[in-house]
Amino acid sequence: IGCEMCICEDPITKKRTNRELVRFSIVDASDANVSIQAAENAGEDDVILDSLVQPSLPVVDYVSRIHGIDAQQLEHVTFQRLHAQAALKLLCCDRCVLIGHAIHN
């Protein structure tokens with residue numbers, strides 16, 4: 001899985017969080033040969049889900065310098081973190097192995 005984050009601020013508590021999701025991607029890497037070929041050819045056959053995500057709190061920094069996602073791109077996005085969580089739950093089973101950078105976030 002891959003996730004891109006932004007920095008948001010709770011309007012009531014003014015607490016900032018750098019763990020608000022703005023992009024969620026799932027790739028099927030169960031076939032190592034297919035995954036290596038896809039990486040080399042930038043193929044999309046193994047992409048299961050790749051969606052922008054509307055943050056649940058007001059954004060104070062999109063961190064666009066890292067991932068290129070900005071306010072304009074998210075303007076009409078209705079996919080939310082709950083949708084991403086539901087998709088992941090539907091796709092995972094007790095034999096699934098999740099791999100990602102900083103997946104604990």
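Which side chains meet in a salt bridge at 2.5 Å, N to O? I opened my notebook with that one, and the pair turned out to be Arg-23 and Asp-50. I should jot down at once that I am working with a predicted model.

**Entry 1: the Arg-23 pair**

I looked up where the two partners sit. Arg-23 belongs to strand E2 and Asp-50 to strand E3 (residues 47-52), so their bridge ties together parts that are 27 residues apart in sequence. Then I checked their cover. Arg-23 has a relative accessible area of 31%, so I list Arg-23 as partly exposed. Asp-50 comes out at 40%, which is partly exposed as well.

**Entry 2: Ser-25 and Asp-50**

Next I asked myself which side chain Ser-25 joins in a polar contact. The partner is Asp-50, at 2.6 Å. I found Ser-25 in strand E2, which covers residues 16-27. Is Ser-25 buried or exposed? Its relative accessible area is 16%, and because buried means under 20%, Ser-25 is buried. I also pulled up its contacts, setting aside neighbours within four places in sequence: Ser-25 touches Ile-1, Gly-2, Leu-49 and Asp-50. So Asp-50 goes into my notes twice, in a salt bridge with Arg-23 and in a polar contact with Ser-25.

**Entry 3: other salt bridges**

I counted four salt bridges in the structure. A reminder to myself: side chains of opposite charge can pair when their charged atoms come close. One of the four links Arg-16 with Glu-9 at 3.1 Å, N to O. Arg-16 is exposed, with a relative accessible area of 54%. Another joins Arg-65 to Asp-61, with N to O at 3.4 Å. Here I noted that Arg-65 is exposed at 66% relative accessibility, whereas Asp-61 is partly exposed at 25%.

**Entry 4: the whole chain**

I stepped back to view the fold. I see four helices and four strands, and along the sequence they run β-β-α-β-β-α-α-α. The chain has 105 residues, and 24% of them are buried. Of the contacts with a separation of 6 or more, 59% are between residues 24 or more positions apart. I put the exposed area at about 7700 Å², with carbon and sulfur atoms supplying 52% of it.

**Entry 5: positive phi**

I went through the backbone angles with a rule of thumb in mind: most residues other than glycine have a negative phi. Lys-14 caught my eye, with a positive phi near 65°. I located Lys-14 in the loop between strand E1 (2-9) and E2, and Lys-14 is exposed, at 52% relative accessibility. Val-63 also has a positive phi, near 55°. Where does Val-63 lie? I found Val-63 in the loop between strand E4 (59-61) and helix H2 (64-67). Unlike an exposed residue, Val-63 counts as buried, at 13% relative accessibility.

**Entry 6: empty space**

Last, I looked for holes. Rolling a probe the size of a water molecule over the atoms shows where empty space is left. How many cavities of 30 Å³ or more are there? I got one, and the volume of the largest cavity is about 30 Å³. I wrote down the residues lining the largest cavity: Glu-20, Leu-21, Val-53, Gln-54, Pro-55, Ser-56 and Arg-81.

Technical notes
Residues are numbered from 1 along each chain as its sequence is written. This is a predicted model: local features need pLDDT of at least 70, side-chain atom pairs count only at pLDDT 80 or more; totals for chains, interfaces and linings use all residues. Side-chain values use heavy atoms; hydrogens and water are left out. Helices (H or I, at least four residues) and strands (E, at least two) are DSSP runs, numbered from the N terminus. Buried means under 20% relative accessible area, exposed over 50%, partly exposed in between (1.4 Å probe, protein chains only). Contact means heavy atoms within 4.5 Å. Accessible areas come from the Shrake-Rupley method with a 1.4 Å probe; for residues, only the protein chains shown count as cover. A polar contact is a pair of N or O atoms within 3.5 Å; within protein, one must be able to donate a hydrogen and the other to accept it, and residues adjacent in sequence count only if both atoms are side-chain atoms. On a 1 Å grid over the protein atoms alone, a cavity is a set of points where a 1.4 Å probe fits but cannot get out, and a pocket is an open set with protein on both sides within 12 Å along at least five of seven lines; lining residues have an atom within 4 Å of a point. Grid points are joined across faces, edges and corners, and a volume is the space filled by probe spheres set on the points.
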